[in-house]
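Me: Please look closely at one part of this structure, and describe with care where it sits and what lies around it.

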Amino acid sequence: MPEDAGVERVGATDGDRVEAARREAAAADRVIVKAGTNSLTDEDSRLDRVKLDKLVADVMDLRERGTEVVLVSSGAVGAGTGRLDEGPESRDGVDSIAESQALSTVGQGLLMRHYTQSFERFDQDVAQILVTGTDLDAPERFDNFTNTVETLLSWGVVPVVNENDAVATDELRIGDNDMLSASIAMGLDADLLVTLTDVDGVYTGNPKREDGAELIEAVDDGYERLREIVGDGTETDFGGIRTKVEGAHDVSRNGIPAIIAGSAERDVLARIAAGKPTGTLFVPKTGDDHE
């Protein structure tokens, strides 16, 4: 196989469209930033303050440019785990959902306290919003959500959104903050969705297990092939990449660029705002595109 042939087959992108999409992402006035659990917790699934502070500094790189930012954050269960010293080994079997929900109630306040303290270093105010799938599915409730967010943004506040794990059930759960962030990006007419994870983007294989896995820098017409690659990804395998890819694709189909990037990369959001190749870019569809 020729060098980079696998990447080209998966991405199936046009260079001019990719560069135009990077410029569009760099010029975004409103950005949804989603930070996953692994981007905020350590190897023992406990909240990592160093990682959180780094995320906040990255968000402030955008805020200092005048960009509006909505932060969709996981990490409540990890914060509760650290507080009560309840490791994952204690949350198995039929009680795993109930115990995770209970840990989230302990951790959510702690998580917001850490966010408040970290953002205060930059004199930046934050607000907490907890939602369930019902809030996004019911038009009146979604209107209330968007009105609240719009008001907070007009005040210069950074909304920190998380799923309300304490009351969400299998029937009500959005299921994953990746899909939550995608729904919010579309509902708030955002200019860009950035999903931060513990890998540097989407690869042709699992980069943690396959030395030959290559980063896919952009995705346009090659989504079906990409879906085949990540179709069996789980939450612990491949960085839980499947739902991240699905969310990014949904957003790009609605004309919004989306990027999956590594949370540990230095100045990751500043790089995106500078139009530099970062992570995996999902090229937005235009009115002339069709699948």
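Reply: The protein chain has 11 helices and eight strands, where helices (H or I, at least four residues) and strands (E, at least two) are DSSP runs numbered from the N terminus. This is a predicted model, in which local features need pLDDT of at least 70 and side-chain atom pairs count only at pLDDT 80 or more, whereas totals for chains, interfaces and linings use all residues. Residues are numbered from 1 along each chain as its sequence is written, and side-chain values use heavy atoms, with hydrogens and water left out.

Of the 291 residues in the chain, 52% are buried, buried meaning under 20% relative accessible area, exposed over 50% and partly exposed in between (1.4 Å probe, protein chains only).

The part I would examine is S74, which the unreviewed UniProt entry includes, together with D165 and N177, in the annotation "binding site"; UniProt positions follow the numbering used here, feature names are shortened, and annotations may be inferred rather than shown by experiment. S74 lies in the loop between β2 (68–73) and α4 (76–84), and it counts as buried because its relative accessibility is 8%. Leaving aside residues up to four places away in sequence, S74 touches K34, A35, G36, T37, L40, L111, N162 and N177, a contact being heavy atoms within 4.5 Å. One of these partners, N177, is itself covered by the annotation.

The neighbouring S73 belongs to strand β2 and is buried, with a relative accessible area of 0%. With the same sequence neighbours excluded, S73 touches A35, L40, L111, Y115, V160, V161, N162 and N177.

On the other side of the loop, the axis of α4 comes within 6 Å of that of α5 (residues 96–120), and the two cross at roughly 90 degrees; axes are lines fitted to C-alpha atoms, for helices over the stretch in contact, and angles run from 0 to 180 degrees between N-to-C directions. The two helices are therefore roughly perpendicular, given that angles of 65 to 115 degrees count as such, those under 35 as roughly parallel, those over 145 as roughly antiparallel and the rest as oblique. From α4, A76, V77, A79, G80, T81, R83 and L84 meet S100, L103, S104, V106, G107, Q108, L110 and L111 of α5. This contact has eight nonpolar, six polar and one charged residues, with Ala, Val, Leu, Ile, Met, Phe, Trp, Tyr, Cys and Pro taken as nonpolar, Asp, Glu, Lys and Arg as charged, and the others, Gly among them, as polar. L111 of α5 is also among the residues that S74 touches.
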